[in-house]
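Student: I am new to this structure and would like a close look at a single part of it. Could you walk me through one helix, its neighbours and the space beside it?

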Amino acid sequence: MKAILCHSFTGPGDLRLGEIDAPKPAGDEILIDVHAASVSFMDQLLVSGLYQMRPQTPFVPGTEASGTVVAVGGKVTRFAPGDRVACSSWTGGYAERMIAKESKSVRLPDGVAFEAAATILHNYGTAYYALVERARAERGETLFVTGAAGGVGLAAVDLGRHFGLRIVAGVGSDDKAALVHSYGASEVINYRSEDLRDRIKSITSGDGIDVGFDNVGGGIFEQMARLMKWGGRLMPIGFTGGEIPSIPMNLPLLKNYSIIGVFAGAWAEKFSNEAARMNATLMRLLAERQIRPHIDRVLPLEEAGDAMRAVANRTVQGRIVLKIR
């Protein structure tokens, strides 16, 4: 089968399209004919050797995909050949066939397109886990999302709207403002050209942020740590800015707010039944058009490296999808 291969942790430029044997499912796995795979910042970190884990090389990148089941392992009970599914996995999505754990796969409702389905489990799964399970966000609270036009950020804006939150979207360029407004943000802040402290204080009448959802890290997170409301929840989601922040711990002490880690992938590994229920909920919301993932563009499999470079350069709004079948 055709697959994109990463032979060394030297970044997207060294990815190559090659031919490898199709994988075989273990007892708790399903084998999928891949129709579409999404391209995430995490994928780019993995092939660059900058993620928390390093797969053994060579490996096939791709953490999220959708397609049709062609075979199942002996312990699988929820899927059968012919089922339309989406799945998440640490690797394997950029190929004509991939294997995925039964517990990390979900059946697609009728009418849900493969391209849209391939963008849900990572983006919306991370945002849902953060807002619902970790922050316990409540209707009417102020949610500030950084990197709000990216895949996970835009999912947080979309779900925040669905949950009745007041959304303030942080972006790094003015050309992203229209998109986040259209997804439900009542206010947009360009933190590269505006004073974040002044804008947040003005927007919240000096009260600060109830829920902080930070994809960027570095100085942005450090500023957010000084802008939280009493009893708020500040969540580090990722560090796309490349810098892991440090903050004085008297800040959460003085305002009695919480800093809450969000690692949805690890949670899904430890609590697979709960994660499976969340995935089913997200697919229902997608089928009912209560959430609407934004696909920036659709590219062929052989352009996976170009797609990753676009993600790294922050020229992508929402997700790029690779069309494989």
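**Helix H3 and its surroundings**

Tutor: Happy to! Keep in mind that this is a predicted model. A good place to start is the largest cavity, where helix H3 (123-134) and helix H4 (151-162) each supply at least two residues of the lining. H4 gives the most to that lining, with 3 residues. The full set of residues around the largest cavity is Thr119, Asn123, Tyr124, Gly151, Leu154, Ala155, Pro293, His294, Gly318 and Arg319. By class, this lining has 4 nonpolar, 5 polar and 1 charged residues. The space inside the largest cavity comes to about 50 Å³.

Now let us turn from the cavity to the two helices themselves. Two packed helices are described by the angle between their axes and the distance between the axes. For H3 and H4, the angle is about 55° and the axes are 8 Å apart. H3 and H4 are therefore oblique to each other, and their crossing is right-handed. On the H3 side, the contact is made by Asn123, Tyr124, Thr126, Ala127, Tyr128 and Leu131. On the H4 side, Gly151, Val152, Ala155, Ala156, Asp158, Leu159 and Gly160 take part. Sorted by class, the contact of H3 with H4 has 8 nonpolar, 4 polar and 1 charged residues. Try finding Asn123 and Tyr124 of H3 in the view, along with Gly151 and Ala155 of H4: these residues are in the contact between the two helices, and they also line the largest cavity.

H3 has another partner to look at, helix H10 (residues 272-287), and here the axes come within 10 Å and cross at roughly 115°. H3 and H10 are therefore roughly perpendicular to each other. H3 passes H10 in a right-handed crossing. In this contact, Tyr124, Gly125, Tyr128 and Tyr129 of H3 meet Met278, Thr281 and Leu282 of H10. These residues divide into 5 nonpolar, 2 polar and no charged. Tyr124 and Tyr128 deserve a second look: both belong to the contact of H3 with H4, and both meet H10 as well.

If you follow the chain on from H10, you enter the loop between H10 and strand E14 (295-300), where Arg289 lies. Phi of Arg289 is near 60°, a positive value in a residue other than glycine. Pro293 and His294, which you have already met, are among the residues lining the largest cavity.

To place that cavity in the whole structure, note that a search finds 2 cavities of 30 Å³ or more. The second largest cavity holds about 40 Å³ of space. Its lining is made of Ile200, Lys201, Gly206, Asp207, Gly208, Arg226, Leu227 and Lys255. By class, the lining of the second largest cavity has 2 nonpolar, 2 polar and 4 charged residues, while that of the largest cavity has 1 charged residue.

So, when you turn the model, you might begin at Tyr124 of H3: Tyr124 lines the largest cavity, takes part in the contact with H4 and is one of the residues that meet H10.

Conventions. Residues numbered from 1 in each chain as written. Predicted model: local features only at pLDDT ≥ 70, side-chain atom pairs only at ≥ 80, totals over all residues. Heavy atoms only, no water. 1 Å grid on protein atoms, 1.4 Å probe; cavity = no way out; pocket = protein on both sides within 12 Å on 5 of 7 lines; lining within 4 Å. Points joined across faces, edges and corners; volume = space filled by probe spheres on them. Helix = DSSP H or I, 4+ residues; strand = E, 2+ residues; numbered from the N terminus. Nonpolar A, V, L, I, M, F, W, Y, C, P; charged D, E, K, R; others polar. Axes fitted to C-alpha atoms, helices over the stretch in contact; angles between N-to-C directions. Parallel < 35°, antiparallel > 145°, perpendicular 65-115°, else oblique. Left-handed = near helix turned anticlockwise from the far one by under 90°. Contact = heavy atoms within 4.5 Å.
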